[in-house]
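Ready for a few exercises? Have a look at the sequence and the model first, then work through the tasks at your own pace.

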Amino acid sequence: MNFFDSSIFDILDSIFSTVESGVSQWVSVESWPPAATTSLIDTIANASAARKFRVLKLRTPSINRRERLAACFIGQLESVAADFKLKQNQIYSYNTAGERLGAMIADCSYDAPLVVVVYGLKGL
């Protein structure tokens, strides 16, 4: 399927409607070459923003350990904290970086639905 086909937008409209009704959704994109995947992910992010969803873009580093990966995402999130009205001085004290990351992302979605866009071959 050509991802510029209007049917992809019909699918996204259905997903967005479900999210607007209060149900979380998960969308995974796989394509080759990687540039095509990035274009499709960007298209989904832009369509999300057009629906007034907040969009948080994260990039997957080339590391494998979970705690280091979560710490990398936390650093990226801290760099855009003001955009998401996160309090700079709020302490997210949890046992693991994953728990801290989860709390920060939950706070980002406080005002409006949040779309978290993760780029990278090991984004899932």
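Three exercises with worked solutions follow.

This is a predicted model, in which local features need pLDDT of at least 70, side-chain atom pairs count only at pLDDT 80 or more, and totals for chains, interfaces and linings use all residues. Residues are numbered from 1 along each chain as its sequence is written, and side-chain values use heavy atoms, with hydrogens and water left out.

**Exercise 1.** Find the aromatic pair that a search of the whole structure gives, and describe it.

*Solution.* Start with the criterion: rings of Phe, Tyr and Trp (its six-membered ring) pair if their centres lie within 6.5 Å, with planes under 30 degrees apart called stacked, over 60 edge-to-face and the rest tilted. The whole structure holds one such pair. Its members are F16 and F53, 5.3 Å centre to centre with 65 degrees between the planes, hence the label edge-to-face. Next, place them: F16 sits in helix α1 (residues 6-20) and F53 in the loop between α2 (34-50) and β1, 37 residues apart, so the pair links distant parts of the chain. Helices (H or I, at least four residues) and strands (E, at least two) are DSSP runs, numbered from the N terminus.

**Exercise 2.** Why does F53 count as buried, and which residues is F53 in contact with?

*Solution.* Buried means under 20% relative accessible area, exposed over 50%, and partly exposed in between (1.4 Å probe, protein chains only). F53 counts as buried because its relative accessibility is 7%; F16, at 5%, is buried too. Now list the contacts (heavy atoms within 4.5 Å). Beyond its neighbours within four places in sequence, F53 meets F16, V19, E20, S48, P113 and V115.

**Exercise 3.** Describe the surroundings of R54, then those of its strand.

*Solution.* R54 belongs to strand β1 (residues 54-59). R54 is buried without a salt bridge, and D111, the nearest side chain of opposite charge, is 4.3 Å away. A salt bridge needs a side-chain nitrogen of Lys or Arg within 4 Å of a carboxyl oxygen of Asp or Glu. The R54 side chain does reach the backbone oxygen of D83, at 2.7 Å. Turning to the strand, R54, L56 and L58 make up the covered face of β1, while V55, K57 and R59 form the uncovered one. Finally, β1 runs parallel to strand β2 (residues 114-119), joined by six bridges, and L58 has V118 as its bridge partner there.

Methods: Lys and Arg count as positive and Asp and Glu as negative; His and the chain ends are not counted. A polar contact is a pair of N or O atoms within 3.5 Å; within protein, one must be able to donate a hydrogen and the other to accept it, and residues adjacent in sequence count only if both atoms are side-chain atoms. Two strands pair if DSSP finds at least two bridges between them.
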